Amino acid sequence: MEQWMNHPAMKSIDPAKLELIRLAAQQGKTGRNLAPVMLSLITNANRKGLRFTPEEVSLILEVLKEGKSPEEQAQIDRMMEMTRAVFRKHLG
């Protein structure tokens with residue numbers, strides 16, 4: 001289930017952030033149901049003084065898309081757009 005955590009691109013992410021991602025991933029959400037999990041992940045990170053960059057969030061979602069059906073990938077893409085909108089609102 002957590003094979004994506006071993007993805008080479010994930011090696012550049014702070015270990016504390018990876019732990020938060022792992023906890024979020026344990027909820028097993030995909031597509032439309034992934035949005036609340038990702039927003040919760042970002043909020044929890046902010047409370048701990050950690051900030052996910054938009055690039056890190058995009059990377060996480062791209063890695064999560066691997067092996068998913070086209071429908072699930074499309075849902076994740078829509079989630080990515082929602083997440084980017086949140087980042088623009090909070091950072092812009």
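Buried means under 20% relative accessible area. Glutamate 56 comes to 14%, so this residue counts as buried. Keep that cut-off in mind, because several stops on this tour rest on it. The model is predicted.

**Whole chain**

Start with everything shown as a cartoon. You should find four helices and zero strands. From the N terminus on, the order is α-α-α-α. The protein has 92 residues, and 37% of them count as buried.

Now switch to a surface. About 5700 Å² is exposed. Carbon and sulfur atoms supply 52% of that area.

Colour by pLDDT next. The mean for the protein is 75. Residues that reach 70 or more make up 79%. Among the elements, α1 has the highest mean pLDDT, at 79. Helix α4, residues 70-91, has the lowest, at 75.

One more overview before zooming in. Take the contacts between residues at least 6 apart in sequence: 57% of them join residues at least 24 apart.

**Stop 1: helix α1**

Select residues 15-25, which form helix α1. Show the side chains of Lys17, Leu18, Leu20, Ile21, Ala24 and Ala25, the buried residues of this helix. Look down the axis. Those residues lie on the same side of α1, because they cover an arc of only 160° around the axis. An α-helix has 3.6 residues a turn, so residues three or four places apart point the same way.

Then go to the start of α1 and select aspartate 14. A side-chain oxygen of aspartate 14 comes within 2.6 Å of the backbone nitrogen of alanine 16.

**Stop 2: lysine 17**

Stay in helix α1 and select lysine 17. Is lysine 17 buried or exposed? Its relative accessible area is 9%, so lysine 17 is buried.

Show what surrounds this side chain. Leaving aside neighbours within four places in sequence, lysine 17 is in contact with Leu50, Arg51, Phe52 and Glu56. Draw a distance from the lysine 17 side chain to the backbone oxygen of arginine 51: it is 2.6 Å.

**Stop 3: the salt bridge**

How many salt bridges does a search of the whole structure find? The search finds one. To see it, display the side chains of lysine 17 and glutamate 56 together. They meet at 2.8 Å, N to O. This pair links distant parts of the chain. Lysine 17 is in helix α1 and glutamate 56 in helix α3, 39 residues apart.

**Stop 4: glutamate 56**

Move across to the partner. Select residues 54-65 to pick out helix α3, then centre on glutamate 56 within it. At 14% relative accessible area, glutamate 56 is buried. Lysine 17 is buried as well, at 9%.

What else does the glutamate 56 side chain reach? Look for the backbone nitrogen of threonine 53, at 2.9 Å. The side chain of glutamate 56 also has its polar contact of 2.8 Å with the side chain of lysine 17. Leaving aside neighbours within four places in sequence, glutamate 56 is in contact with Ile13, Lys17 and Arg51.

**Stop 5: leucine 50**

Step back along the chain to the loop between α2 (34-47) and α3, and select leucine 50. Leucine 50 counts as buried, because its relative accessibility is 15%.

Which residues does leucine 50 touch, not counting those up to four places away in sequence? They are Ala16, Lys17, Leu20 and Ala45. Now draw a line between the C-alpha atoms of leucine 50 and alanine 16. The separation is 8.2 Å, although the two residues are 34 apart along the chain.

**Stop 6: alanine 24**

Return to helix α1 and select alanine 24. With a relative accessible area of 11%, alanine 24 is buried. Not counting residues up to four places away in sequence, alanine 24 touches Val37 and Leu41.

Finish with one more distance. Pick the C-alpha atoms of alanine 24 and proline 36. They are separated by 9.9 Å, and the residues are twelve apart along the chain.

Methods:
Residues are numbered from 1 along each chain as its sequence is written. This is a predicted model: local features need pLDDT of at least 70, side-chain atom pairs count only at pLDDT 80 or more; totals for chains, interfaces and linings use all residues. Side-chain values use heavy atoms; hydrogens and water are left out. Helices (H or I, at least four residues) and strands (E, at least two) are DSSP runs, numbered from the N terminus. Buried means under 20% relative accessible area, exposed over 50%, partly exposed in between (1.4 Å probe, protein chains only). A polar contact is a pair of N or O atoms within 3.5 Å; within protein, one must be able to donate a hydrogen and the other to accept it, and residues adjacent in sequence count only if both atoms are side-chain atoms. Contact means heavy atoms within 4.5 Å. The arc is that of the directions from the helix axis to the C-beta atoms. Accessible areas come from the Shrake-Rupley method with a 1.4 Å probe; for residues, only the protein chains shown count as cover. pLDDT is the predictor's confidence in each residue, from 0 to 100. A salt bridge is a side-chain nitrogen of Lys or Arg within 4 Å of a carboxyl oxygen of Asp or Glu.
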